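Me: I am new to this structure and would be grateful for a close look at a single part of it, the surroundings of the ligand. Please describe that part with care and then place it within the rest of the chain.

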Amino acid sequence: MRITDPKIVAKLAEFNVELQHAAALADLTSLGIGGTTDLLRVRQHEILPALLNLLDANDVPYRFIGGGSNLLVGDGELPWVVLQLVRPEPDVVVDGNYARVDAAADLGRMITFCAKNDLGGMEGLIGVPGTVGGALRMNAGAYGMQIGSYVREVKLYRAASRKLETLQGDQISFEYRHTSFAPDDMMLSVILELPSKPFKLILEGIRICNEKRRSSQPLGQKSAGCIFKNPPGASAGRMIDELGLKGLSVGDARVSDRHANFFVNAGHASAKDMLRLIGDVRERVRKNYGIELENEVVVWNA
Ligand code: EPU
């Protein structure tokens, strides 16, 4: 989707929005898959309602992207523009046990910054790529913890009210890889309340999580993390492994040899390849276990 109307282009400049024509979304996603569209980089949260009114009034569909690490984007020319927040400086401010974090902050950087301020609790998420906003919207979790437990306040653009709003932690429900945010709400910033912990102890926790992750997940390869959610009481990775599907490929889309719930882009996989592989594995699990696996990865298919 291209924005060519000079009136819209002028308005974007007025809103201090950076317009990148024909951005390759493959470069913005950890899977390295995705077609092209115009990318709007937003520097000020306050202009979002006016910006989105402008896009709606001109029939320009849009989607929000964070770190692109849990996302499978369709191929070719995409029928919507993509909005991304520009990371401000500073993006994390610590005040006692509270960390005020911009949604565009890098998750790993935020965890280590808080650690240096003797604030822990988030060690399990070290090594998970993506932004804090992305982690928040899907309640990212690992090794027995989830980010939602630490959330005290969230600022967001609320699609329903078309306004910027502030929600308290108890107004949001955080479940396994799911939150009460609407799909088109845009996370802007969050206040986390984190337990005090000496830096050295947090580092030790980080080291252990890093080791576990390195030994069980294909970290050096292009992936979107786990493709499927774990069904209640079962492990998607174990079932796919038990069916002997590690290494199963469609084009360059491939079930990882290291962790069967990670599907990697081993070269130049297309979204079509990856979606066929996902469908094929889901079907085999359904036939053999009678379980319908649900995507964990978010799919933006044109
Ligand atoms: N297993 C296999 N073969 C495999 C993969 C796993 O037999 O190929 C077995 C393991 O040996 C273990 C069990 O399955 O007994 C569970 O595996 P693992 O500990 O790796 O955890 P998981 O359930 O596959 C979940 C999260 C991960 C998170 C890890 C660590 C989901 C869908 N996955 O994986 O999160 O990193 O626990 O806490 O909830 C993600 O969200 O993208 C993600 C990777």
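**The ligand and its surroundings**

Reply: In this predicted model, an oxygen atom of the ligand is placed 2.9 Å from an N or O atom in the side chain of arginine 177. A second arginine takes part as well: a polar side-chain atom of arginine 238 lies 2.6 Å from an oxygen atom of the ligand. On the side of nitrogen, the ligand has an atom 2.7 Å from an N or O atom in the side chain of aspartate 241. The protein covers 73% of the accessible area of the ligand, which on its own amounts to 820 Å².

Two elements give two or more residues each to the shell around the ligand, namely strand S15 (222-226) and helix H6 (236-242). Helix H6 supplies the largest share, three residues. In total, 20 residues surround the ligand, and the closest are Tyr143, Tyr176, Asn230, Arg238 and Asp241. By character, the shell divides into seven nonpolar, seven polar and six charged residues.

Strand S15 leads from the ligand to a sheet. It belongs to an open sheet of four strands in the order S15-S18-S17-S16, in which the pairing is antiparallel. Strands S15 and S16 (249-250) are the edge strands, each pairing on one side only. Within the sheet, strand S17 (residues 253-255) and strand S18 (residues 262-265) run antiparallel and are joined by three bridges. Valine 255 has phenylalanine 263, in S18, as its bridge partner.

Another part of the chain holds a second open sheet, for which four strands are arranged in the order S1-S2-S5-S3 with mixed pairing. Strand S1 (18-24) and strand S3 (62-64) stand at its edges with a single partner strand each, so one side of each is left without a neighbour in the sheet. On average, neighbouring strands here are turned by 30° against each other, direction ignored. Strand S3 pairs with strand S5 (residues 81-85) in the parallel sense, over three bridges. In that pairing, phenylalanine 64 stands opposite leucine 83 of S5. Helix H2 (residues 48-57) packs on this sheet and touches strand S2 (36-42), S3 and S5. The direction of H2 makes about 175° with that of S5.

Some details of the backbone complete the account. Most residues other than glycine have a negative phi, and most peptide bonds are trans. Alanine 22, in strand S1, has a positive phi, near 50°. Asparagine 16, just after helix H1, also takes a positive phi, of about 65°. At the start of that helix, H1 (residues 6-14), a side-chain oxygen of aspartate 5 reaches to within 2.9 Å of the backbone nitrogen of lysine 7. Lastly, glutamate 89 and proline 90 are joined by a cis peptide bond, with omega about 0°. Proline 90 is found in the loop between S5 and strand S6 (92-95).

Technical notes:
Residues numbered from 1 in each chain as written. Predicted model: local features only at pLDDT ≥ 70, side-chain atom pairs only at ≥ 80, totals over all residues. Heavy atoms only, no water. Pairing = 2+ DSSP bridges. Axes fitted to C-alpha atoms, helices over the stretch in contact; angles between N-to-C directions. Contact = heavy atoms within 4.5 Å. Near = heavy atom within 4 Å. Polar contact = N/O pair within 3.5 Å; in protein donor to acceptor, adjacent residues only side chain to side chain. Areas by Shrake-Rupley, 256 points an atom, 1.4 Å probe, with all protein chains shown as cover. Nonpolar A, V, L, I, M, F, W, Y, C, P; charged D, E, K, R; others polar.
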